[in-house]
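Here are a few exercises to try with a structure open beside you. Work through each task before you read its solution.

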Amino acid sequence: MDSRGPMATPKKTLSITINVHKSDYSNYYYVTDSPGSLYAEVTMLVGVVSSPDITCPAGVYPDASSSLKIEKTSSNTYHIADRLPDQSSYSIKFFKANPSEDYSKDKNAFDSSASGIAVHEGAL
């Protein structure tokens, strides 16, 4: 409102998503996803040389076109065979069998057995 009363122009709303992480100051990753998307994308920011394992939810599979060599080690765990260099960043797409899921809001959706990689906390 201004001194002349209610404004006639429509209001606009801006939505901002903030990715929040836990980290031990060496490595961390976050998950980008949305309902209806075919893929959940895991972005890894590497502070030290690493070849991590990533455990993902049932019904989620690494995209075969990934530039990284990914090996299945157990039911839902995959090993990144490539050594990720210090101070590097990589994104890995995971195909979702159920596109209605949104794994970015579930801090337990993805996990890693490698020390120094913390899970995504969620979006505010």
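The exercises below concern a predicted model.

**Exercise 1.** Find which residues have the most contacts inside the largest nonpolar core, and which strands supply at least two residues of this core.

*Solution.* Start with the core itself: it has 18 residues, and Met44, Phe94 and Phe110 have the most contacts inside it. Next, look at the strands: E2 (27-32), E3 (39-46), E7 (77-80) and E8 (88-96) each supply at least two residues. Finally, compare their shares: E3 gives the most, with four residues.

**Exercise 2.** List what Phe94 is in contact with, leaving aside neighbours within four places in sequence.

*Solution.* Take the partners in sequence order. You should meet Leu38, Tyr39, Ala40 and Val42, then Ile54 and Cys56, among the contacts of Phe94. Carry on, and the list for Phe94 also includes Val60, Tyr61, Pro62, Asp63 and Phe110.

**Exercise 3.** Decide whether Asp102 is buried or exposed, and describe its surroundings.

*Solution.* First locate Asp102: it sits in the loop between E8 and strand E9 (111-112). Its relative accessible area is 16%, so Asp102 counts as buried, the cut-off being under 20%. Now check the side chains: a polar contact of 2.7 Å links Asp102 with Ser104. Beyond four places in sequence, Asp102 touches Asp33, Ser34 and Pro35.

**Exercise 4.** Work out how Phe95 can belong to a nonpolar surface patch.

*Solution.* Begin with the position of Phe95, which is in strand E8. Phe95 has a relative accessible area of 35% and is therefore partly exposed. Patch residues need over 30%. Phe95 makes the patch with Leu38, Tyr39 and Tyr61, and the patch covers about 360 Å².

Definitions and conventions:
Residues are numbered from 1 along each chain as its sequence is written. This is a predicted model: local features need pLDDT of at least 70, side-chain atom pairs count only at pLDDT 80 or more; totals for chains, interfaces and linings use all residues. Side-chain values use heavy atoms; hydrogens and water are left out. A nonpolar core is a set of buried Ala, Val, Leu, Ile, Met, Phe, Trp, Tyr and Cys residues joined through side-chain atoms within 4.5 Å. Buried means under 20% relative accessible area, exposed over 50%, partly exposed in between (1.4 Å probe, protein chains only). Contact means heavy atoms within 4.5 Å. A polar contact is a pair of N or O atoms within 3.5 Å; within protein, one must be able to donate a hydrogen and the other to accept it, and residues adjacent in sequence count only if both atoms are side-chain atoms. Patches are made of residues with over 30% relative accessible area and no salt bridge: like charges are joined within 9 Å, nonpolar side chains (Val, Leu, Ile, Met, Phe, Trp, Tyr) within 5 Å. Accessible areas come from the Shrake-Rupley method with a 1.4 Å probe; for residues, only the protein chains shown count as cover. A salt bridge is a side-chain nitrogen of Lys or Arg within 4 Å of a carboxyl oxygen of Asp or Glu.
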